[in-house]
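Colleague: Could you take me through the main sheet of this model and its surroundings, strand by strand? I should like one connected account rather than a list.

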Amino acid sequence: MLTTIALVLGLATADQQPASGTFISADEIAATLKQSIANNTVDQPIKLAEVPGGHKASLALLRRTKAETTALIHDYVTEIYQIVDGSGTLVTGGSLDDPKENDLTRLNAGMSHTGVHKGGEARKVKAKDVIIVPAGMAHRFSELDGPITYLVYRFEPKR
């Protein structure tokens with residue numbers, strides 16, 4: 001599945017990519033997961049690529065051990081989740097009550113807002129599922145069946 005996503009992303013940006021591209025090895029992802037578990041880190045960026053035209057593409061590894069009580073909306077960043085291990089309920093859509101600004105630039109997620117999630121659609125997700133969360137869409141894991149690990153491909157347009 002990872003190969004398929006990498007191929008699709010490569011084709012979609014083939015005319016914009018540097019000649020050498022950006023490579024992220026399975027060993028690099030495994031080392032990030034090990035470090036994330038050891039440090040109890042939820043969101044661990046792995047690599048960021050500046051894409052010609054002023055766009056950014058990045059990969060992060062997220063590992064959650066408890067459900068989220070608030071939701072996020074990223075102002076400009078679109079995310080693609082690839083569930084690696086575990087399962088839970090992901091709620092997407094709806095709105096935020098009393099949103100607060102949250103600068104997640106350090107995580108390559110840009111300016112965002114967090115707040116109490118209202119509405120949306122709940123879906124059970126599991127290993128090998130892929131979910132696209134467009135910029136501006138509220139999202140959160142409302143329930144977990146244990147720890148969940150997922151790769152997040154983040155795309156930020158030029159602004």
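Modeller: A residue is called exposed when its relative accessible area is over 50% and buried when it is under 20%. What follows describes a predicted model. Lys 124, at 53% relative accessibility, therefore counts as exposed. Its place is in strand β8, residues 121-126, and I shall return to Lys 124 after the sheet.

The protein chain has two helices and eleven strands. Along the sequence, the pattern is α-α-β-β-β-β-β-β-β-β-β-β-β. Of its 159 residues, 38% count as buried. Among contacts with a separation of 6 or more, 77% join residues that are 24 or more positions apart.

The sheet in question is open and consists of five strands, in the order β1-β2-β11-β4-β9, with antiparallel pairing. Its edges are β1 (43-51) and β9 (130-133), each of which pairs on one side only. On average, neighbouring strands of this sheet are turned by 15° against each other, direction ignored. In general, the strands of a sheet pair through backbone hydrogen bonds, in either a parallel or an antiparallel sense.

The sheet may be followed from the β1 edge. β1 runs antiparallel to β2 (residues 55-64), and eight bridges join the two. Asp 43 has Leu 62 of β2 as its bridge partner, and Val 51 is partnered by His 55, also in β2. The two strands form a hairpin with three residues between them, and Gly 53 in the turn has a positive phi of about 100°. On its way across the sheet, β2 also pairs with β11 in the antiparallel sense, over nine bridges. Here Arg 63 has Thr 149 of β11 as its bridge partner. Eight of the ten residues of β2 are buried, so this strand is largely enclosed by the rest of the structure. Helix α2 (residues 26-39) lies across β1, β2 and β11 (148-156), and runs at about 50° to β2.

The nonpolar packing draws on the same strands. In soluble globular proteins, nonpolar side chains tend to be buried together. The largest nonpolar core has 13 residues, and those with the most contacts inside it are Tyr 81, Ile 83, Val 125, Ile 131, Phe 141, Ile 148 and Tyr 150. At least two residues of this core come from each of β2, β4 (78-85), β9, β10 (139-144) and β11. The strand that gives the most is β11, with three residues. Another core, of seven residues, lies apart from the largest one and includes Leu 59, Leu 61, Ile 80 and Leu 151.

Phe 141 illustrates how the largest core is held in contact with its surroundings. Beyond its neighbours within four places in sequence, Phe 141 is in contact with Arg 64, Ala 67, Glu 68, Tyr 81, Ile 83, Thr 89, Leu 90, Val 125, Ile 148 and Tyr 150.

Space beside these strands deserves attention as well. The second largest pocket has a volume of about 290 Å³. Among the 22 residues that line it, those closest to its centre are Asp 43, Arg 64, Glu 68, Leu 72 and Leu 104. Two or more lining residues come from each of β2, β3 (71-74), β4, β6 (95-104), β10 and β11.

One of those lining strands, β3, has Ala 71 and Ile 73 pointing one way and Leu 72 and His 74 the other way, and all are buried. β3 pairs with strand β7 (residues 110-118) in the antiparallel sense over four bridges. Within this pair, Ile 73 stands opposite His 113 of β7.

To return to Lys 124: outside its neighbours within four places in sequence, this residue is in contact with Gly 88, Thr 89, Asp 129 and Asp 145. The C-alpha atoms of Lys 124 and Gly 88 are separated by 5.7 Å, although the residues are 36 apart along the chain.

Two backbone details complete the account. Most residues other than glycine have a negative phi. Asp 98, in strand β6, has a positive phi near 50° and, at 57% relative accessibility, counts as exposed. Asn 108, in the loop between β6 and β7, has a positive phi of about 65°, but at 18% relative accessibility counts as buried.

Technical notes
Residues numbered from 1 in each chain as written. Predicted model: local features only at pLDDT ≥ 70, side-chain atom pairs only at ≥ 80, totals over all residues. Heavy atoms only, no water. Pairing = 2+ DSSP bridges. Axes fitted to C-alpha atoms, helices over the stretch in contact; angles between N-to-C directions. Contact = heavy atoms within 4.5 Å. Core = buried A, V, L, I, M, F, W, Y, C linked by side-chain atoms within 4.5 Å. Buried < 20%, exposed > 50% of the residue type's maximum accessible area, 1.4 Å probe, protein only. 1 Å grid on protein atoms, 1.4 Å probe; cavity = no way out; pocket = protein on both sides within 12 Å on 5 of 7 lines; lining within 4 Å. Points joined across faces, edges and corners; volume = space filled by probe spheres on them.
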